[in-house]
Amino acid sequence: MPQFTKKPLPFDPYKNFKFRLKFGTSSAYVAGISKMSALKRTTAVVEHREGGDPSSSHKSPGHTKYDAITLERGVTHDTDFEVWASKTWNFQGGPGAESSLADFRQDIIVDMFNDSGQKVISYHIFNCWVSEYQALGDFDANANAVLLQHIKLENEGWLRDIDVKEPDPAQVDPKVA
């Protein structure tokens with residue numbers, strides 16, 4: 001029977017609440033992001049058959065579509081979401097200045113962390129732009145909740161950063177611990 005040379009890594013899945021997000025040219029994480037929708041990709045199926053084969057068809061990949069991503073965070077004095085959303089629609093800009101198409105698309109990086117605070121997975125999301133912005137959530141004088149804002153981001157695809165490797169569980173980042 002083969003023997004293990006070292007203890008295998010734990011098989012516990014990562015928690016879905018340990019993530020951070022950065023966008024644009026900033027290397028700093030956006031504060032207060034509490035929720036992000038799933039990264040979803042759908043590829044259409046193109047069916048075709050050969051002219052002499054009446055009984056079966058072949059399937060090929062067609063157009064690939066990436067679903068929009070929704071981000072949610074608590075309302076603060078940080079105006080990053082609002083400034084970004086205003087690049088696609090500027091109400092005070094006047095006729096002909098409704099949008100600033102020069103830099104309204106930004107790439108996003110989503111980093112996920114394990115229980116020790118080590119980065120374990122990272123995704124790069126390309127050419128995001130704000131298609132929907134909600135400045136303030138519902139007001140409720142009887143609620144005991146945080147006031148939230150939402151943005152919906154259209155994107156042109158995403159890739160997992162394969163350079164992020166599974167960390168050694170014995171090593172803990174001193175900046176996080």
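A student and a tutor walk through this predicted model in questions and answers. Because the model is predicted, local features need pLDDT of at least 70 and side-chain atom pairs count only at pLDDT 80 or more, while totals for chains, interfaces and linings use all residues. Residues are numbered from 1 along each chain as its sequence is written, and side-chain values use heavy atoms, with hydrogens and water left out.

Student: In what order do the elements of the chain run from the N terminus on?
Tutor: Helices (H or I, at least four residues) and strands (E, at least two) are DSSP runs, numbered from the N terminus. The chain has one helix and nine strands. Reading from the N terminus, the order is β-β-β-β-β-α-β-β-β-β.

Student: How much of the chain is buried?
Tutor: Buried means under 20% relative accessible area, exposed means over 50%, and partly exposed is in between (1.4 Å probe, protein chains only). The chain has 177 residues, and the buried share of them is 23%.

Student: What share of the exposed area comes from carbon and sulfur atoms?
Tutor: Accessible areas come from the Shrake-Rupley method with a 1.4 Å probe, and for residues only the protein chains shown count as cover. The chain exposes about 12900 Å². Of that area, carbon and sulfur supply 53%.

Student: Among contacts between residues at least 6 apart in sequence, what share joins residues at least 24 apart?
Tutor: A contact means heavy atoms within 4.5 Å. Counting those between residues at least 6 apart, the share that joins residues at least 24 apart is 61%.

Student: Which strand is joined to β5 by six bridges?
Tutor: Two strands pair if DSSP finds at least two bridges between them. β5 is antiparallel to β2, with three bridges, and there Lys35 stands opposite Glu72. On another pairing, Ile69 faces Leu153, and the antiparallel partner with six bridges is β8.

Student: How many of the six residues of β5 are buried?
Tutor: β5 is largely enclosed by the rest of the structure. That is because, of its six residues, the buried ones number five.

Student: Which side chain makes a polar contact with the side chain of Ser122?
Tutor: A polar contact is a pair of N or O atoms within 3.5 Å; within protein, one must be able to donate a hydrogen and the other to accept it, and residues adjacent in sequence count only if both atoms are side-chain atoms. Ser122 sits in strand β7 and is buried, at 4% relative accessible area. Beyond its neighbours within four places in sequence, Ser122 touches residues including Ile109, Leu159 and Val164. At 2.6 Å, its polar partner is the side chain of Asp111.

Student: Which residue forms a salt bridge with Asp111?
Tutor: A salt bridge is a side-chain nitrogen of Lys or Arg within 4 Å of a carboxyl oxygen of Asp or Glu. Side chains of opposite charge can pair when their charged atoms come close. Asp111 is buried at 0% relative accessibility, whereas its partner is partly exposed at 36%. With the closest N and O atoms 4.0 Å apart, that partner is Lys119.

Student: How many residues apart are Lys40 and Asp67?
Tutor: The whole structure holds three salt bridges, and one of them joins the side chains of Lys40 and Asp67 at 3.9 Å, N to O. This pair links distant parts of the chain: Lys40 is in the loop between β2 (33-36) and β3 (41-48), Asp67 in the loop between β4 (58-66) and β5 (69-74), and the separation in residues is 27.

Student: Which residue meets Glu156 in a salt bridge?
Tutor: Glu156 is partly exposed, at 45% relative accessibility. Its partner is partly exposed too, at 38%. The N to O distance is 2.8 Å, and the partner is Arg105.

Student: Which residues make the nonpolar surface patch of about 290 Å²?
Tutor: Patches are made of residues with over 30% relative accessible area and no salt bridge; like charges are joined within 9 Å, nonpolar side chains (Val, Leu, Ile, Met, Phe, Trp, Tyr) within 5 Å. Leu136, in the loop between β7 and β8, is partly exposed at 40%. The full set is Val75, Leu136 and Phe139.

Student: What is phi of Asn127 near?
Tutor: Asn127 lies in strand β7 (residues 119-134) and is partly exposed, with a relative accessible area of 30%. Phi of Asn127 is positive in a residue other than glycine, near 50°.
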